[in-house]
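Me: I should like to understand how the terms used for sheets are justified. Please take me through the reasoning.

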Amino acid sequence: MIEGALSDLKVLDLGHCISGPYCACLLAGYGAEVIKVEPPGEGDPARRMGPFLRDEPHPERSGLYLYLNTRKKSVTLNLGTTAGANIFKQLVKDTDVLVENFPPRVMPGLGLSYAALKEINPRLVMVSITTFGQTGPYRDFKSTNLTSFAMGGQMMITGEPDREPLKNAGDQAEYQAGLYGFTAAAIASYGAKITGQGQHVDVSAMECMSSSLEGSLPTTSYIGGDKHNRHRMGSQLTAIMGVYPCRDGHVIVHANPREWPKVAESIDRPELTEDERFSTFLVRHEHNDELVATIMGWTTEHDKMEIYDRAARMRTPWAPVLNTRELFDSPQYKARGFFVEITHPETGPLMYPGAPFKMSEAPWQAERAPLLGEHNEEIYCDRLGYTREELAQLRSQGVI
Amino acid sequence: MAKLPLEGVRVADLTMVWAGPYGTRILADMGAEVIKIESVENYDLIRTFVFLPSTTENPWNKSAYFNHYNRGKLGVSLNLAKPRGKEVFKKLIKISDVVIENYRADVMERLGFTYEALKEIKPDIIMLSMPGRGSTGPERLNYAYGPLLEANAGLVSITGYPDGRIERTGISYGDPIAGATAAGAVALALHYRRLTGKGQFIDLSQMECLTRMIGEAVLDWSMNQRIGGLTGNRHPYMAPHGCYRCKGEDKWVTIAVQNDEEWESFCQALGNPQWTSDYRFADSLSRWQNQDELDQHIGEWTILRTPHEVMYILQNAGIAAGVVMDHIDLLEDAHLNERGFWGMHTHPQAGTWKIEGPTWRLSEAPDFHWKPAPCFGQHNDYLFRDLLGLSDEEIRQLEEEQIIGTKPAIPQHLLLVDDT
């Protein structure tokens, strides 16, 4: 029985931290065999990053690592050694997709450029995920999630207009890069299966983010800068598109100008649509502060789920600002069984976000992340034919 | 000539606005034949975002928002609500590989085009539905604008300034996330079909895609019963790490110093000013603890320079520094232009202007074959006559009944124009 959509896909994951590993974990969840190649000793740097179980730093108890590496196998390998590089090339022979997110000079520096690997396996799809891409003036620039998010354009328009632009939740630049890497890998590997033709896929986080600036960048490009350079929206730049405090937290309303009557109705003030301060888009803009105060006067008297339930009944555009604890109480997430329990020898059972989409014939497979080097024997001995003595030697030599 | 990965795949694209079309654009860029279906009554709302004078001819073909995200697709006008329109649609399904839609969760049902129904017509059809909250569940019919979903998904609760001001992302963030995921999901279904000959139904919830983007925060609750706070531009352990004002109006740069070595280079790049030898900044932990003072000193340096100057000075010293790019910065950016990310492309009615290329590069298919976004109903003839083999008489009748057309019925007051 075919288990997952990618059950005949073999993936080598050289990813570290977030973007590469996220790409590979999505492939793993849908059935691919993903062999994660980690440096001997410490492994993926994500193992050193929190949050840790009980705030006790431990390489097998990092919530970041555990989440990003579900259903993968782990081998340790020092690509900087000749033996390590050779073992890697043996693995590449039988690999459909290679995922990596090193700075562009690294793989060629190890003798493992696409050109070199293509000789070994012409079907190989190598997905290289970076902030700036494999070429160009910024190619060797350093970056972190913050600077990448800034360079991609989404930061300038996030936050309050009268203060510094704001990074959004967590590490979205890194996650976006990984997500686009997944889609590129899924598509390019499909092509490779059909035609036998591999690819080097160059995924640049900056380009992914620059492609997703909604209507404002396209309009700026088409009509001109002065007319359409967009400002940060902030919480209440527009009263009917904002985050509001409510009695037990926050809610958000998001209505386009035509839906203003719905908002008025939703706060039990339908007559406001006739109010000369609020009756048209232009005057609402002039009296924005007053409208904000009016809406806030209502929200602060109600709880978030009350507001949300009302909005569902009345069909008005409100939503609760839920925190991670409240996600588990979400009736929608419960009904859809979105969260899944995964048990790991070092943590016991924990709840994880589940599938990003539900495939009717080939469901998401949630399995635990591997221990460091857990599959060395399986891969090196059973698959590549090294003896256990040789494995011990390679270990002592610092190759694995 | 190099083949694109999805050549030969035909997609019946019912998606509208941003999330769905963003995904189907990726499919089109990768070689799929994407047939975008609108109707005279049910046109893509994004066509109304025009911002040109109201006297403009055929304004619905001149929305930059529409023309960017719908490039590479064919456009037809077919009314699926009418019985004869449904018959024509069924003929299209028979020769399609994928159907993708992002209507409200009950619409396809009402139109009579559930997955079961489509499967009767083409047994191995792949159908992807992407309503904001998923196809099932008690909230599936709730309003599903991107910012609402971002709040429902947990992201807004950990986006904000440290003084407590909560924010949402400045774009409808769920849309591109869902769109990019959807394109990947279609590829996965194609993989599965290759292995088994079977199609399937894919139920994609924007909300669920979004929560997956903060997985470690969910794990922190699961492991430690801890809810994240608002950390602004700060980092759990890196300092300096923030956004600093530069010379000019609303100009900013981001800087992230990752370790002691980089801190030494950073100080040197600033000319080793006196304040850097303050004991409060001597090691990584104390730098993190004294961030307020640290940021103040750094701000006094950046304010005298443009964001690009700061970026180049610090990058030359091996420090992660990035301009907070606005639209003009991006369109004129040296790196993006040299990589050929922006190209001057021509649309038959809207003209020629700078538009982005594909979201990633393929080494074996490096040339981007530009195809403009479709004018409304532009490819009616291709679909109805060439692909489906309808006769002239049949087509004429469909036109008469307004089941197919070449002009969307957009009320004048709904067009977002600019008469200033």
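The exchange below concerns a predicted model and its sheets.

Me: How do you know that E12(A) and strand E6 of chain B pair?

Reply: Two strands pair if there are at least two bridges between them. E12(A) and strand E6 (residues 200–204) of chain B share three bridges, in the antiparallel sense, so the criterion of at least two is met. Within this pairing, A:Phe357 stands opposite B:Leu204.

Me: What makes E12 of chain A and E3 of chain B edge strands?

Reply: The sheet is open and has seven strands, in the order E12(A)-E6(B)-E5(B)-E4(B)-E1(B)-E2(B)-E3(B). Strand E12 (357–359) of chain A and strand E3 (74–77) of chain B each pair on one side only. From one strand to the next, the twist averages 20°.

Me: Why are strand E5 and strand E6 of chain A said to pair, and in which sense?

Reply: Pairing requires at least two bridges. Strand E5 (residues 125–130) and strand E6 (residues 199–204) of chain A have six bridges, in the parallel sense, and therefore they count as paired. A:Ser128 stands opposite A:Asp202 in E6(A).

Me: What does helix H7 of chain A touch when it packs on the sheet?

Reply: Helix H7 (residues 172–195) touches strand E4 (97–100), E5 and E6 of chain A together with E12 of chain B. Contact here means C-beta atoms within 7 Å. The direction of helix H7 makes about 165° with that of E5(A).

Me: Which strands does helix H17 of chain A touch?

Reply: Helix H17 (residues 376–383) touches strand E2 (33–38) and E3 of chain A, and its direction makes about 75° with that of E3(A).

Key:
Residues are numbered from 1 along each chain as its sequence is written. Chains are lettered from A and ligands numbered from 1 in the order in which they are written. This is a predicted model: local features need pLDDT of at least 70, side-chain atom pairs count only at pLDDT 80 or more; totals for chains, interfaces and linings use all residues. Helices (H or I, at least four residues) and strands (E, at least two) are DSSP runs, numbered from the N terminus. Axes are lines fitted to C-alpha atoms, for helices over the stretch in contact, and angles run from 0 to 180 degrees between N-to-C directions. Two residues are in contact if their C-beta atoms, placed from the backbone, lie within 7 Å.
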